[in-house]
Amino acid sequence: MRFPEFSGEWVTKSINDLAVVIGGGTPDTTVKSYWDGEIQWFTPSEIGKNKYVDSSLRTITEVGLNNSSAKLLPPNTILLSSRATIGECSLSLRECATNQGFQCLVSKKCNVDFLYYLIQTKKKDLIRKSCGSTFLEISANEVRKIQVSVPSDVEQQKIAELLSLIDERIATQNKIIEKLQSLIKGLRVCCMQRVYGNNVYLSEIAQIYQPQTISSTELTEDGFLVYGANGIIGKYKDYNHETEQICITCRGNTCGMVNYTKPMSWITGNAMVINTDKYQDKVCKRYLYHYLSAYNFNSIISGSGQPQIVRTPLEKLKITLPTISEQKQKAIIFDKIQDKIDINHKVLNLYIGQKQYLLRQMFI
């Protein structure tokens, strides 16, 4: 797919011809003078959602920068993840640094926006050239050797402008979702703090248990939805819950995340099921889902290595239950906002799908 005013062959080059590749580093976390400074310092989990990033979760000082392998990167640097989710990237709006999970690109002979989109078409190459026994990682030298094709400067700009328009809409859509998520979170917390009714233990209104787990190798392309540590993780040939269920992630970094499953699904052992099917006269399942979504589980998360939630503390959670009719009324309000969030997620996925289609069609 090409704009009609352009013709001629694209030229094959290496990433090294187009950009300077720069790695990152982490200052000693035990030295306070290295942290909370004026330099933005990104980790891979902070990039890839939107085209541009501005503020990082943590910052470092100039002293920290000088006493580590981190490098000060200029504005408009492509922050390219070289670990974990290899190939995710964002453009920095200002000077920044990164940890060692990056091989960043500072453009030297290429439209930086075009290069940002171009590198996204090379994820498979980046992954294929990665290595490592503990986790996959691609080195700076391998990134430099990646072969790409580029058109004239004018065509680069035209392609980048089109894709930038879609990215602007994706960023707007993400902001809409974030505001709706903030709204429902605030309303949940406010409502649950001011709710009046009977105080009961969670074990009095639900059966709490860990279901049988399945390995990732058993997941299939078709079948029933599987819920694990990160929500829906795939599909399986069978299901272990016929009805909708509340489940709480009980292992790993997402410990305490609350999900509401679809009927006829498989819930793995990485989640704790809160089954209220036998207590429908006491509790509205959707009300309890929203109630638990507002709960701060940090107080019952244990484990020095891997965070985890065990059954006994969950059973002793105090839940405030108004009348069934009041529970249903509150659930309806929250469900309306949740429906709005879900609709906007679908719109977001359409824009992302459109962008991926153009990335496949407009680049060699």
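Which residue in β17 is the bridge partner of V226? Select V226 and follow the pairing into β17: the partner is W266. The model on display is a predicted one, and this tour begins at that pair of residues.

**Stop 1: the sheet around β13**

Select residues 224–228, which make up strand β13. Two neighbours should then be added to the selection, since the sheet has 3 strands in the order β14-β13-β17. This sheet is open, and its pairing is mixed. The edge strands are β14, at 231–236, and β17, at 266–267; each of these edge strands pairs on one side only.

The mixed character can be traced strand by strand. On one side, β13 runs parallel to β17, and 2 bridges join them. With β14, by contrast, β13 pairs in the antiparallel sense, over 5 bridges. Select F224 to see one of the residues in this pairing: its bridge partner in β14 is Y236. The connection from β13 to β14 is a hairpin through 2 residues.

As background for this view, strands of a sheet pair through backbone hydrogen bonds, either parallel or antiparallel.

**Stop 2: the four-stranded sheet**

Next, display the strands β12, β18, β15 and β16, which form an open sheet in the order β12-β18-β15-β16. Here the pairing is antiparallel. Strand β12 (207–209) and strand β16 stand at the edges with a single partner strand each, so one side of each has no neighbour in the sheet. On average, neighbouring strands of this sheet are turned by 20° against each other, direction ignored.

Within this sheet, select residues 246–249, which form β15. Strand β15 pairs with β16 in the antiparallel sense, over 3 bridges. Where does I248 find its bridge partner in β16? The partner is V258. Keep V258 selected, for this residue is also among those that lie nearest the centre of the largest pocket.

**Stop 3: the largest pocket**

Add R188, N259, Y289 and Q338 to V258; these five residues lie nearest the centre of the largest pocket. The lining comprises 30 residues, and the space in the pocket is about 1,000 Å³. Several elements each supply at least two residues of the lining: α6 (153–193), β14, β16 (258–260), α7 (285–293) and α9 (324–362). Strand β14, an edge strand of the sheet at the first stop, thus returns here as a contributor to the lining. Colouring the lining by class gives 12 nonpolar, 10 polar and 8 charged residues.

**Stop 4: the second largest pocket**

Move on to Q120, K123, K355, Q356 and L359, the residues nearest the centre of the second largest pocket. About 460 Å³ of space lies in this pocket, and 21 residues line it. Two or more lining residues come from each of α3 (112–120), α4 (123–128), α6 and α9. Of the elements, α9 gives the most, with 5 residues. By class, the lining has 7 nonpolar, 6 polar and 8 charged residues.

**Stop 5: the helices α3, α6 and α9**

Finally, hide the strands and display three helices. Begin with α3 and α6, whose axes are 8 Å apart and which pack at an angle of about 70°. Angles of 65 to 115 degrees count as roughly perpendicular, and α3 and α6 are therefore roughly perpendicular to each other. The crossing of α3 past α6 is left-handed.

How do α6 and α9 run relative to each other, roughly parallel or roughly antiparallel? Their axes come within 10 Å and cross at roughly 165°. Angles over 145 degrees count as roughly antiparallel, and α6 and α9 are therefore roughly antiparallel to each other. This crossing is left-handed. The residues of the contact between α6 and α9 divide into 23 nonpolar, 7 polar and 6 charged.

Terms used:
Residues are numbered from 1 along each chain as its sequence is written. This is a predicted model: local features need pLDDT of at least 70, side-chain atom pairs count only at pLDDT 80 or more; totals for chains, interfaces and linings use all residues. Side-chain values use heavy atoms; hydrogens and water are left out. Two strands pair if DSSP finds at least two bridges between them. On a 1 Å grid over the protein atoms alone, a cavity is a set of points where a 1.4 Å probe fits but cannot get out, and a pocket is an open set with protein on both sides within 12 Å along at least five of seven lines; lining residues have an atom within 4 Å of a point. Grid points are joined across faces, edges and corners, and a volume is the space filled by probe spheres set on the points. Ala, Val, Leu, Ile, Met, Phe, Trp, Tyr, Cys and Pro count as nonpolar, Asp, Glu, Lys and Arg as charged, and the others, Gly among them, as polar. Axes are lines fitted to C-alpha atoms, for helices over the stretch in contact, and angles run from 0 to 180 degrees between N-to-C directions. Angles under 35 degrees count as roughly parallel, over 145 as roughly antiparallel, 65 to 115 as roughly perpendicular and the rest as oblique. A crossing is left-handed if the near helix is turned anticlockwise from the far one by less than a right angle, and right-handed if clockwise.
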